[in-house]
Amino acid sequence: MATISGLLPEVQAFLLQDPIPMFVGGRWIEAADGGVLQTIDPGDGSPLATVAEGKAADVDKAVQAAREAFRKSGWATMPANERAVFLHRLADLVDQNRATLAQLESLDVGKPLSQAAGFDVPNVAQTLRWYADLMVRTRRSELIAVSGFEARQVRFPYGVAAFILPWNFPLLLVGWNLSPALAAGNTAVIKPAEDTPLSTLYFCKLVEQAGIPAGVVNVVPGYGHTAGKALAEHPGINRMGFTGSPEVGRLIASACGNNLVPVKLELGGKGAAVVFDDVDPAVVAQKLVAAVTLNTGQVCCTATRWLIHEKIWNPFVKIAREAMQQIKIGHGLAPSTQMGPAVSEKQRQRILGYLEKGKAQGAEFVLSGGPATVTEHPEGFYVKPCMLTGDPDNVCAREEIFGPVSFLMKFSEEEEAVELVNRSNYGLANSVWSADLKRANRVAEALVAGNSWINGHNLFPHGVPYAGCNLSGCGGGVLGPETLFDYLRPQSVVRALS
């Protein structure tokens with residue numbers, strides 16, 4: 001890989017490894033067969049780094065290392081407050097290395113550096129601390145009042161927690177998934193997306209520095225059909241967490257089902273925003289434009305269906321169109337960039353393909369999308385933000401595009417809006433925008449999804465469960481107290497008193 005100007009020395013040195021090794025059993029190792037994969041800078045289409053490509057043999061080695069660490073390292077049996085010391089230390093290191101991690105995340109995903117540094121990386125540290133502290137406060141043993149018996153329920157870590165994570169928020173989702181599993185005393189094997197493994201691998205350097213025992217955290221980069229498949233099918237894992245598409249989620253669930261391994265699926269979405277006529281169109285339009293262009297629309301819970309009350313339709317559409325036209329598209333490391341490229345050419349073509357299909361089915365372009373050109377980086381995978389309107393049964397209104405595309409629909413009555421939202425087979429996140437909080441709460445509860453937000457979108461406070469239903473997932477969520485218990489195995493202990 002050629003030297004990239006403007007990078008931090010730590011980032012440059014990390015990327016210049018050939019290949020960047022995987023992290024298994026506390027050691028940095030190359031793939032068993034010497035295989036490698038290449039990551040691409042989506043901002044200019046150039047090679048970014050060469051990474052060891054794990055396959056079934058490497059996954060097996062990682063699972064065995066995690067099982068060994070669970071049995072012998074002391075991580076599973078140490079008091080919760082002692083594990084919390086390690087996790088707080090790791091969180092401190094994440095904070096101290098924020099600039100490095102953010103730059104890697106920006107390069108790998110294409111997202112603006114300000115987004116990676118301002119939310120993604122700090123949130124990882126916050127999540128580590130939140131679950132570490134929650135585990136300290138959680139009673140692992142509770143008495144059960146039953147006549148004639150002495151009984152209690154005790155909770156233990158399951159063992160090896162496996163994670164197959166996506167490319168849109170690589171490091172953030174490491175934090176959301178790994179933190180509760182480690183806090184509960186489990187060990188872990190992570191398979192990051194082949195497009196974006198860099199920040200997850202660098203995170204392992206911090207795991208080392210924090211003194212977390214060898215084998216507690218293992219990372220095997222690789223492709224889904226090889227490394228991901230091997231991990232999902234491995235009989236040595238005890239829990240599985242997957243974030244990605246419903247199509248792949250079904251395969252993961254089937255593989256885990258064969259081994260009776262509990263699985264947590266956080267899948268896609270087709271989020272809606274219901275905007276009533278008692279709001280300021282200018283304020284809400286700006287916020288929804290910001291939501292749908294965040295990470296180039298590559299956010300499963302973002303608002304891509306906008307239901308606008310007929311009384312404010314014209315001013316809302318005008319303001320939203322103007323706001324979208326002003327979005328500054330550019331390389332993630334450019335300070336002025338508000339929206340970066342799609343993560344890959346494959347993803348860019350997916351977005352453009354949906355626009356063609358939507359047009360063929362009669363959708364009207366309120367704001368034309370299509371390829372975008374960034375003069376400094378003509379080979380980057382850029383697209384323009386886009387606004388469509390038309391029949392609610394249009395493919396662009398029904399299916400997840402995973403790009404900066406909003407589909408606008410007009411409504412007049414509350415019941416009509418609720419019905420339009422609930423037509424979707426997804427059920428991840430929606431928002432309601434109204435000055436009438438009684439109405440907003442009523443509608444929020446009527447929308448079928450794991451998450452309903454009021455006068456805001458993409459709201460993720462720690463302590464509030466985030467999960468999906470229907471095509472958007474099952475098996476539990478993240479960020480809430482319940483997630484910690486997902487990684488604690490309940491066991492009853494009973495003694496007869498006579």
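These legends accompany close-up views of a predicted model.

**View 1. Helices α4 and α6 pack against each other**. Helix α4 covers residues 98–109 and helix α6 residues 170–183. Their axes lie 9 Å apart, at an angle of about 120°. The two helices are therefore oblique to each other. On the α4 side, the meeting residues are Leu 101, Glu 105 and Val 109. On the α6 side they are Pro 170, Leu 171 and Leu 172.

**View 2. Buried residues of helix α8**. The helix spans residues 224–233. Its buried residues are Ala 227, Gly 228, Ala 230, Leu 231 and Ala 232. Their cover includes two helices, α2 (56–72) and α9 (246–258). It also includes strands β7 (160–164), β8 (187–191) and β10 (239–243).

**View 3. Ser 406 in strand β16**. The strand runs over residues 405–411. Ser 406 is buried, with a relative accessible area of 0%. Beyond residues up to four places away in sequence, Ser 406 touches Val 292, Thr 304, Trp 306 and Met 324. Cys 386, Met 387 and Leu 388 are also among its contacts.

**View 4. A salt bridge between helices α14 and α15**. Glu 414 pairs with Arg 442, the closest N and O atoms being 2.7 Å apart. Glu 414 lies in α14 (residues 414–421) and Arg 442 in α15 (residues 437–446), so the pair ties together parts that are 28 residues apart in sequence. Glu 414 is buried at 19% relative accessible area, while Arg 442 is partly exposed at 40%.

**View 5. A salt bridge within helix α12**. The side chains of Arg 348 and Glu 345 meet at 3.1 Å, N to O. The two residues are three apart in α12 (residues 345–360), so about one helical turn separates them. Arg 348 counts as buried at 15% relative accessibility. Glu 345 counts as partly exposed at 29%.

**View 6. The loop around Asn 470**. This loop connects β18 (451–454) and β19 (473–474). Asn 470 and Leu 428 are 42 residues apart in sequence, yet 8.3 Å apart in space, C-alpha to C-alpha. Leaving aside neighbours within four places in sequence, Asn 470 contacts Asn 425, Tyr 426, Gly 427 and Val 448.

**View 7. A nonpolar surface patch**. Ile 144, Val 146, Phe 149 and Val 494 form the patch. Together they have about 340 Å² of accessible area. Val 494 belongs to strand β20 (residues 488–496). Val 494 is exposed, with a relative accessible area of 53%.

Methods
Residues numbered from 1 in each chain as written. Predicted model: local features only at pLDDT ≥ 70, side-chain atom pairs only at ≥ 80, totals over all residues. Heavy atoms only, no water. Patch = residues over 30% accessible without salt bridge, like charges linked within 9 Å, V, L, I, M, F, W, Y side chains within 5 Å. Areas by Shrake-Rupley, 256 points an atom, 1.4 Å probe, with all protein chains shown as cover. Salt bridge = Lys/Arg side-chain N within 4 Å of Asp/Glu carboxyl O. Helix = DSSP H or I, 4+ residues; strand = E, 2+ residues; numbered from the N terminus. Buried < 20%, exposed > 50% of the residue type's maximum accessible area, 1.4 Å probe, protein only. Contact = heavy atoms within 4.5 Å. Axes fitted to C-alpha atoms, helices over the stretch in contact; angles between N-to-C directions. Parallel < 35°, antiparallel > 145°, perpendicular 65-115°, else oblique.
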